[in-house]
Every structure is written in structure tokens, then in C-alpha cells.
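Hi everyone, thanks for making the time. I'd like to walk you through one structure today, so let me put it up on the screen.

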Amino acid sequence: MKQKLLLLLTALLMSAPMWAKVGDEFTRRGVKYEVKTDYPDDLTAWVVGHESWLYGDVEILDNINGYVVTAIGYNAFQDCTDLKSVIIPYGVKEIMPSAFYGCSGLQSVSIPGSVEMIGDYAFSGCTALTSITFPEGVTSIRTAAFYGCTSLVSVTIPSSMKIFQNELFYECNSVKDVYCYAAPDNLTNIAGNLNSFKTDGTTKFHVEASQLEKAKTRFSEYFNVTFVGDLDSPVLTDSEPYTRTVEKTVSMATYKKTIATEQVGKHQAWLLPFDYEVKAADLAKFSFYKINMIANSPSPDTETSEDAWVFLTKMEAGDKLKANMPYVYKPLAAVTDYQFITTNTPMKAPESSELAKTETMTHVYSFFATYLPTSPRSGFDFYYVNDEGSVSYGEDGDGVTVSPYRWIVRQTSKTGGSTAYAREMHFVDGEGEVTGIDAPLNDNGEMINDSWYTIDGKKLNGEPTKKGVYIVNGKKVVK
């Protein structure tokens, strides 16, 4: 009985607020919170500062010791240059002036729909920030909130937005796409804001098709952009990054791909922001593959090596390419603006975290998307698919840039310590002569291994009895 009472008391103490007075501070995971109201029916706190060592990815608490977090306070993270990403919880209503001022390493921020106001200079000087989505509910963003965010390429404006304060996007001259869900007639104080976007007129202003003419009439006087009504029917190409930051179901999505003659027959990485069902007509121009596994050797009969082999499974008509997932294709013919079209489909936001992974006995291989052009940087080296259709290693300073709509893969050692990087990785797709599955040779140079393999490189126990396509002695065999 005493034990039950003790457990009950412990549970009550854990769930009850830690009573404190206004001005008291709590620190959790490097973030400082301060009590702002302490009435029993109104217990609130703000984020007011951070420890000097704070770095990397930060998730702000929605509740600290029973006090609901309702605001990011003045200068709370100012000049926290090692901050890389921030998740702001639902319940926060205000991001105060200069809250993230000068956070030059901040690459992404998640703003919840509860936020109603973003203060003056709140994100000014966040030079690594690439995209921003204002959630539904935000009506006003204060002066110079994103002043000097020089890497910003995508901005999403919600339907609730009404007021742009002065110099909101001043010196944000890298913006390529503005996705505007607000009715043009409802937006005020545009002059002096969006005109800071790319000065060569290549910024695209995306609106609903029904609002296109109004947008041209309303905004053309103030800033130099290309107007496109493609929120309902976007068209994507290899040369234009995809920067939409919220998921939206569209009536039609089109992807155009051009393949030069020298690319034919070479494996390439690919991913899409929408689901796509492979058509029979597509298979006349391309072979598509799922990534099955990565191995330390080309076959179970050979010892592990410094190279690695990527085994692929061929896809058929009717199979579906899933949005934001890594695939491999091999062009069978040169094409110009070949179209992959799907209807009534959700357009996914680009994914920056791990998409998928596969592993060998010694390493884990994690796949990441490249919706923006991507280059290796310090602490984030990777493998990429090169022009020859194999996988090469890229590191900071080697001049590699991976194009949009592809994937890169990072390798992590399971044994700890420094990672032993593979010298090269090879695709094995099971079509034609399969040099990826190796075997010993006799004195005449002939293979003496009569093991049978599936089309994706799995060794079988003896000769198969089922009909199908198999590999034996490095050759494709149909039973």
C-alpha cells in the first residue's frame, strides 16, 4: 500500500508545475526559459536566452516545468552562430525582435501555425537560411525580419498574410520562388519589400491560376518577377530546383527530362517530389530500378573489398516511384523534354533528412535528397553518381556540384573511429552480361563457378526450379 501511495505521489509531482515566481529562469539543453505569468490558470514562460556552447539542431520545449512556452524573447538566440536548425513548438504566438539575429549558421526553421507575429529583425543576418514558410495564421511580419538572408531561395506566403512591413526581405537577392496563397488584393505595403528579390527578373511568383492576372496587375509596378500560375499544375525540369516548402495536392504535375546521347546506357540517380506510376511508354526510353542493397563484394563467394556494390531491382510498368525516395534510372535512348505526368497528386516538400538507408557488415549507407544544387562541405562529404554512371566520393573543396532531383549517399562505419571510405561503388542491375558478380577462372580463362543468382544478385542454393531470369557464370539465363 505504501509503495502504491509513493508511486502516486511521484506521478503527481512529475505532472504538477514547479511553482515559481515571475522572473525565475529554467535552463534545459542549453536553452533558457523565464517565467512570465504565474497565475494558477495562466502559467506561461518565454525563451529568453541560450548557453554559449549551444550548437546544432535545437527543439524548443512547448512546456517547461508546467509553464506553457508562448514566445521566443528579444535577442534570445542572437549571434548563436553554431545553431543549424530550430523547431518552434505549437503554442508559441510571438517571435520577438532580433530573436535569431545574426545566426549565420541557421539553415532551417520550423514555424508553427500558432505564431501570429514575427518581430523586427527576427531572422536578420541568417545567411545560411535557404527557405521560409510563413504558416497560416500569420498576418503581419515586422520591419526587416529577414534582412540580409542572402541564401534564401524560397518564400511561402499564407492566405492569412495581409501586411508586409518595410525592408522585410531587403538584400535577399537569391530568392528564386515565391509561393503566394494570399489573394493579391489582400496584401498591402508590397513596395520596398519583394523588389529585393533577384534583380534579373528570374524570380518566379507562383499563384493560383485564377489569381494570375490580378497578381500581374497588383505587383508588376513594384518588383521584377516572372509570374506563373502553377500552384495547381507545376512543371519541373532538371535545371530548376524545387523549393516548395509546404505539401499541396495539385491537379497535375509534370516533370521534363532531357537525355543527351552520351548519357544513354549509364546509371543515374533520381527522385521526385510526387508519386509516379511507371508507364509502359516510359520503359521504351528508360529502365527504372529500386535500390535493393549494398554489398562489400560482388558475390557471396568473394572476399570483402574496399569497393562496394549497389544491387538494383528492375521496376515494371505499374510500379510506383514514391515521392522523396531514391531511385536509379538508365536511359535507353536520347530524348528532349520527355514528360512524366501525374494528376491529382500531393506535391511533397523537399526532404533534408535521411530518405532511406542500406547497410553492409561494416558500414551503413544513408541516402539524402538534392532538390537544390549540392556540394560537399566540411563535415558533410558524400558519394554521388558521376557522369560515367558509377558512384564517386566527393569532399569539401573538390569542385563537385550535384544537380537537383538526384540523391547523395553518406557512409558511416559500424565499428567506430575513422571511416574507411570505399574507393569506388558499382551498380549491378542484372541486365545483360553481369560483370559485378565475379568468379574464379580456370587455366583457359573460363569461369569455373556454376552458382546461380537472382537477377538482383542474390545467391541461390543450387539450380532454381521456378521459371524466371537468373545469372550463372556471369551470364543471364532464362529458365
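One definition before we start: a residue counts as exposed when its relative accessible area is over 50%, and as buried when that value is under 20%. Please also keep in mind that this is a predicted model.

Let's use that definition straight away on helix α2, residues 212–219. On one side of α2, Glu-213 and Thr-217 are exposed. Which residues of α2 are buried? They are Leu-212, Ala-215 and Phe-219. These buried residues span an arc of only 60 degrees around the axis, so they sit on the same side of α2. A quick reminder of the background: an α-helix has 3.6 residues a turn, so residues three or four places apart point the same way. And what do the buried residues of α2 pack against? Their partners are β16, at 204–206, and β17, at 226–228.

Now to the nonpolar cores. The largest one has 63 residues, and those touching the most other members are Ile-72, Phe-77, Ile-95, Phe-100, Phe-123 and Phe-146. Several elements give two or more residues to this core, among them β2 (31–39), β3 (42–50), β6 (67–72) and β7, and our helix α2 is on that list too. Have a look at Phe-123 if you can rotate the view. Leaving aside neighbours within four places in sequence, Phe-123 is in contact with Ile-95, Phe-100, Leu-106, Val-109, Ile-111, Ile-118, Ala-145, Phe-146 and Cys-149. There is also a second, separate core, with 43 residues, including Phe-288, Tyr-329, Tyr-365 and Phe-427. In soluble globular proteins, nonpolar side chains tend to be buried together.

On to the sheets. Val-109, which we just met as a contact of Phe-123, belongs to β9, where Val-86 stands opposite. Strand β9 is part of an open sheet of three strands, ordered β4-β7-β9, with parallel pairing. At the edges are β4 (56–59) and β9 (108–110), each of which pairs on one side only. From one strand to the next, the twist averages 15 degrees. Strand β7, residues 83–87, is joined to β9 by three bridges.

Another open sheet of three strands runs in the order β18-β19-β26, and here the pairing is mixed. Strands β18 (235–237) and β26 (335–347) are at the edges with a single partner strand each, so one side of each has no neighbour in the sheet. The twist in this sheet averages 25 degrees from one strand to the next. Between β19, residues 248–259, and β26 there are ten bridges, and these two strands run antiparallel. To pick out one pair, Lys-256 has Gln-339 in β26 as its bridge partner.

Last stop: two backbone curiosities. Ser-98 is not a glycine, yet its phi is positive, at about 60 degrees. You'll find Ser-98 in the loop between β8 (94–95) and β9. Is Ser-98 buried or exposed? Ser-98 is buried, with a relative accessible area of 15%. Tyr-405 also has a positive phi, near 65 degrees, in a residue other than glycine. Tyr-405 lies in the loop between β30 (391–394) and β31 (406–413), and is buried with a relative accessible area of 0%.

That's my tour, and I'm happy to go back to any part of it. Thanks for listening!

How values were computed. Residues are numbered from 1 along each chain as its sequence is written. This is a predicted model: local features need pLDDT of at least 70, side-chain atom pairs count only at pLDDT 80 or more; totals for chains, interfaces and linings use all residues. Side-chain values use heavy atoms; hydrogens and water are left out. Two strands pair if DSSP finds at least two bridges between them. Helices (H or I, at least four residues) and strands (E, at least two) are DSSP runs, numbered from the N terminus. Axes are lines fitted to C-alpha atoms, for helices over the stretch in contact, and angles run from 0 to 180 degrees between N-to-C directions. Buried means under 20% relative accessible area, exposed over 50%, partly exposed in between (1.4 Å probe, protein chains only). A nonpolar core is a set of buried Ala, Val, Leu, Ile, Met, Phe, Trp, Tyr and Cys residues joined through side-chain atoms within 4.5 Å. Contact means heavy atoms within 4.5 Å. The arc is that of the directions from the helix axis to the C-beta atoms.
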